[in-house]
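Colleague: I am new to this structure. Please show it to me before I ask about it.

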Amino acid sequence: MALPARISLLVVAFLAVVAIGAFVVLHYLLYNPAVEDYAAGVTPNTGAVVHVVLQEDPQNTVSTHPDWVSYFIQNPQTKAWVHTTLFKVPAGSRIDMTIYGFDGCTPLRNPVWGQVTGTIGGVEYVNGKPMSQINSWSGCNVGHTFSIPGINLNVPMATPSNPNANLCGTSPCSPATTAKNLYKVMTFSFNTPHATGTYFWQCRVPCGGGFVTGFGGPMQTLGFMTGNMEVVS
Amino acid sequence: MAADAPAGAPAGARGEPNHGIRIFIPWLILSVIADVLIWVVWGPHLPPGDMSSSASSQQFDIKVLAVAAAPVAIFVWVYFAYALIVWRHREGDDGDGPAIHGNTRVQATWITVSSVIVLAAFVFGTVQLVVPQGAGAGEGAQPIWKPSGNALQVQVIAQQWKFTYRYPQFGGFQTTDLVLPVGQWVEFHVTSIDVIHSFWAYQLGVKADANPGVDNVAYTKISNTGTITVRCDELCGLWHGAMYNFGKAVSLSAFDTWAKGTEVKLASVTKMLPPYATTYDPTMVAQMSKAMVAAGLGGGAGLYYPPTDPLQP
């Protein structure tokens, strides 16, 4: 091979290696989902009410892992559903949270997480009905939880009334076009701390099917079943 | 060096000072000072403190080992300094030192002292495991060293990424709060329902692995009220760094009030829990079998996961 060709080949190979390295760093190591900003325009530490809306789906057809269960967050301005689990809320405020539960049931491995804790009044409202606990071992009635350990918040997510019906199959699911018996609406309120900080949240149902003890994959990946609530002022 | 002295001749014959005494005296003085300082000044502040029997025994162990190690380290430093000062190369002295063919007294002393230190450490370590009932370490499901009398049983259930605590002698309620009494033996039963964790109650000097399917027992007796920092000490996943909580040690009467009150408060939640057991198999939970089979989940027959899922390593 001629010298110019050899040099060209070497340069191309070098650039390819650099490009692969850069792709790995940017795509896997530095990638974070979008942050939905519910703090914009809200004065912190005034007890202002902020309405945060999420949904949990049996799949995530807008990602590279379509068979992973997933949460979505509604953009506060556009109302569009965003494939992320990161959101920002103001400090010292009251969060009124609505979560649409489209996924089916998986019993809690530790049923103690069927207890509602950390909410105002110690209850969540499932389709408007107040509940302080749900026994996930007594029937097909809990799909996930929404838990923020840093503020002792734990809310079990109820499952659709008809467990044998076909669940929503395309993410993000739409409450407007889905039959009422194919999802549940959970509402609850909690107060954010006055101190700023980042509080991780997670699901306590080991719903990472196909992984050891169900706690791999979506359970350990931002944008699916765990995320951050950033409290700002 | 006295290059003209005959090889192997005694030091006195060369008119040299008694180096042994000149090293021994400053070593002795410095060692006594260091040991007193370690025991009296530094010792009470050594980790993990003295909040419990196991913590106290660990602090005592560290004090004893530090007191034993200090003279050894000081001997090395004194000898090093002495050699630098006394046996340094001097201007115009280019001769070789005397040839040395061994010294029976030095060798015998070296072997004897080393043996005594190692054997003493062996005996001391064994006694210090037996006397404080395992010294706060997990002893497995069949502990060798148990305290006498009735102990308060507290089950530590590790799960990603939270510890929960179950009190079987109070109706088996489970809570995220760790509250313990002063003056009573506590019997921890440490287990996990997912991956490997480690229960580390720092101020209590208790550290026990939390393995799925394993009941790891550890004992301690708390002597002072205060805050207990609990951390997971085994890398266990994405939020391992956030797997900590703060417990508290309270008086026996305050604990009794808290436990009985919590038992009543959590009665409805306790009804949802499986019967108390020393382990909870994460791959098979018989109590939920009926619900799972009805929902068409898992592998049936109580298997939590379908047979296609990977097994617990």
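The questions below take up chain A and then chain B.

Modeller: This is a predicted model, in which local features need pLDDT of at least 70, side-chain atom pairs count only at pLDDT 80 or more, and totals for chains, interfaces and linings use all residues. Residues are numbered from 1 along each chain as its sequence is written, while chains are lettered from A and ligands numbered from 1 in the order in which they are written.

Colleague: How many helices and strands does chain A have?

Modeller: Helices (H or I, at least four residues) and strands (E, at least two) are DSSP runs, numbered from the N terminus. Read from the N terminus, chain A starts with its α element and continues with β elements. The count is 1 helix and 13 strands.

Colleague: How far apart are the C-alpha centres of domain 1 and domain 2 of chain A?

Modeller: Domain bounds come from an automatic or database domain assignment. In chain A this gives domain 1 as 1-31 and domain 2 as 35-232. The distance between their C-alpha centres is 42 Å.

Colleague: How many residues of α1(A) are buried?

Modeller: A residue is buried if 20 or more other C-beta atoms lie within 10 Å of its own, exposed if 12 or fewer, and partly exposed in between, with C-beta atoms placed from the backbone. Across chain A, 42% of the 233 residues are buried. Helix α1(A) lies largely in the open, because the number buried among its 27 residues is 0.

Colleague: What span should helix α1 of chain A have?

Modeller: The expected span of a helix is 1.5 Å times one less than its number of residues. Helix α1 of chain A covers residues 3-29, and its end C-alpha atoms are 38 Å apart, which agrees with the expected 39 Å.

Colleague: Which strands stand at the edges of the open sheet in chain A?

Modeller: Two strands pair if DSSP finds at least two bridges between them. The 7 strands of this open sheet run in the order β4-β3-β2-β6-β11-β7-β8, with mixed pairing. Two of them have a single partner strand each, so one side of each is left without a neighbour in the sheet: β4 (81-82) and β8 (129-131).

Colleague: Which residue of β3(A) is the bridge partner of Asp57(A)?

Modeller: Strand β2 (residues 49-57) and strand β3 (residues 70-74) of chain A are antiparallel, with 4 bridges. The bridge partner of Asp57(A) is Ser70(A).

Colleague: What percentage of the residues in chain B is buried?

Modeller: Chain B contains 6 helices and 10 strands. Of its 313 residues, the buried share is 30%.
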